[in-house]
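The exercises below are meant to be worked with the sequence and the model side by side. Each one sets a task and then gives a solution in steps.

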Amino acid sequence: MKKDKLSQIWNSQKNPRDLMGSMEIVKMANRQRKQQFIGIAILAITIVVLTLYAVKYANAEWSGFTIGLGLMIGSLTFRVVLEILSIYRKESRLVSLDGQTFRAYLKRYYKVRQWVNFAITPICFALYCFGFIKLLPYFKQEFSAGFYTYLLISGWVSIAVIAVIIVRSIQKEHRFLEGLQKK
């Protein structure tokens with residue numbers, strides 16, 4: 001983000017009340033961006049781990065195992081690309097708009113994010129879960145009963161934790177949009 005240009009544009013506003021609101025919006029947007037980067041980092045680490053596992057254990061023929069890993073990796077990769085594009089699009093607008101126009105832009109942006117959160121995210125999450133389910137028969141066949149039970153429990157616990165993180169992220173974005181609409 002080009003902070004010098006941003007400061008110059010937003011400091012040129014005439015109404016000091018708008019400047020305070022603008023600075024508050026920048027602070028909220030930066031906090032939201034930091035949370036998005038944390039989410040992207042977690043997803044990227046998961047992609048790397050799954051890809052390494054796929055390279056080591058997947059064979060060249062299509063099976064439920066490769067389909068399962070492919071669904072998990074593909075859904076996460078799609079989500080990461082979507083998040084990166086979303087951040088880039090928002091930041092490119094941030095440095096080119098004045099405070100009032102940027103506030104209006106953020107309202108539209110977070111309404112689109114709601115569509116992403118309530119349509120695309122559940123599809124990606126469902127594909128990820130389906131991919132995990134496709135792996136279970138192969139895990140049961142290849143590993144001991146104890147280790148399979150560990151994978152089963154830890155896998156579903158991980159999916160539950162991911163679900164909680166997703167829900168909390170959606171709630172935060174929704175509160176952010178509500179805060180923008182109140183001003």
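**Exercise 1: Aromatic residues**

In this predicted model, Y53, F65, Y138, F139, F143, F147 and Y150 form one aromatic cluster. Task: classify the geometry of the pair Y53 and F139, and establish which helices the pair ties together.

Solution. The structure as a whole holds 10 aromatic pairs. For Y53 and F139, the ring centres lie 6.3 Å apart, and two rings count as a pair if their centres lie within 6.5 Å. The planes of these two rings stand at 80°, and because angles over 60 degrees count as edge-to-face, that is the class to which the pair belongs. The next step is to place the two residues in the chain: Y53 lies in helix 2 (residues 16-57), whereas F139 lies in helix 4 (residues 99-142), so the pair ties together parts that are 86 residues apart in sequence. As for their surroundings, Y53 has a relative accessible area of 23% and is therefore partly exposed, while F139, at 9%, counts as buried.

**Exercise 2: The fold and its contacts**

Task: describe the order of the secondary structure elements along the chain, and state what share of the contacts with a separation of 6 or more comes from residues 24 or more positions apart.

Solution. Begin with the elements themselves: the chain has five helices and zero strands, which gives the pattern α-α-α-α-α when read along the sequence. Turning to the contacts with a separation of 6 or more, 75% of them are accounted for by residues 24 or more positions apart. Finally, consider exposure: of the 183 residues of the chain, 37% count as buried, and the accessible surface comes to about 11200 Å², with 66% of that area belonging to carbon and sulfur atoms.

**Exercise 3: Cysteines**

Task: decide whether C124 and C129 are buried or exposed, and state how many disulfides the structure holds.

Solution. The cut-off for a buried residue is under 20% relative accessible area. C124, at 10%, therefore counts as buried, and C129, at 13%, is buried as well. The structure holds zero disulfides.

**Exercise 4: The largest pocket**

Task: find which helix supplies the largest share of the lining of the largest pocket.

Solution. The largest pocket has a volume of about 680 Å³. It is lined by 27 residues, of which G39, L43, I165, I166 and S169 are the closest to its centre. Helix 2, helix 3 (64-94), helix 4 and helix 5 (145-182) each supply at least two residues of the lining, and the largest share, nine residues, comes from helix 2.

Key. Residues numbered from 1 in each chain as written. Predicted model: local features only at pLDDT ≥ 70, side-chain atom pairs only at ≥ 80, totals over all residues. Heavy atoms only, no water. Disulfide = S-S within 2.5 Å. Buried < 20%, exposed > 50% of the residue type's maximum accessible area, 1.4 Å probe, protein only. Helix = DSSP H or I, 4+ residues; strand = E, 2+ residues; numbered from the N terminus. Contact = heavy atoms within 4.5 Å. Areas by Shrake-Rupley, 256 points an atom, 1.4 Å probe, with all protein chains shown as cover. Phe/Tyr/Trp six-rings, centres within 6.5 Å; stacked < 30°, edge-to-face > 60°. 1 Å grid on protein atoms, 1.4 Å probe; cavity = no way out; pocket = protein on both sides within 12 Å on 5 of 7 lines; lining within 4 Å. Points joined across faces, edges and corners; volume = space filled by probe spheres on them.
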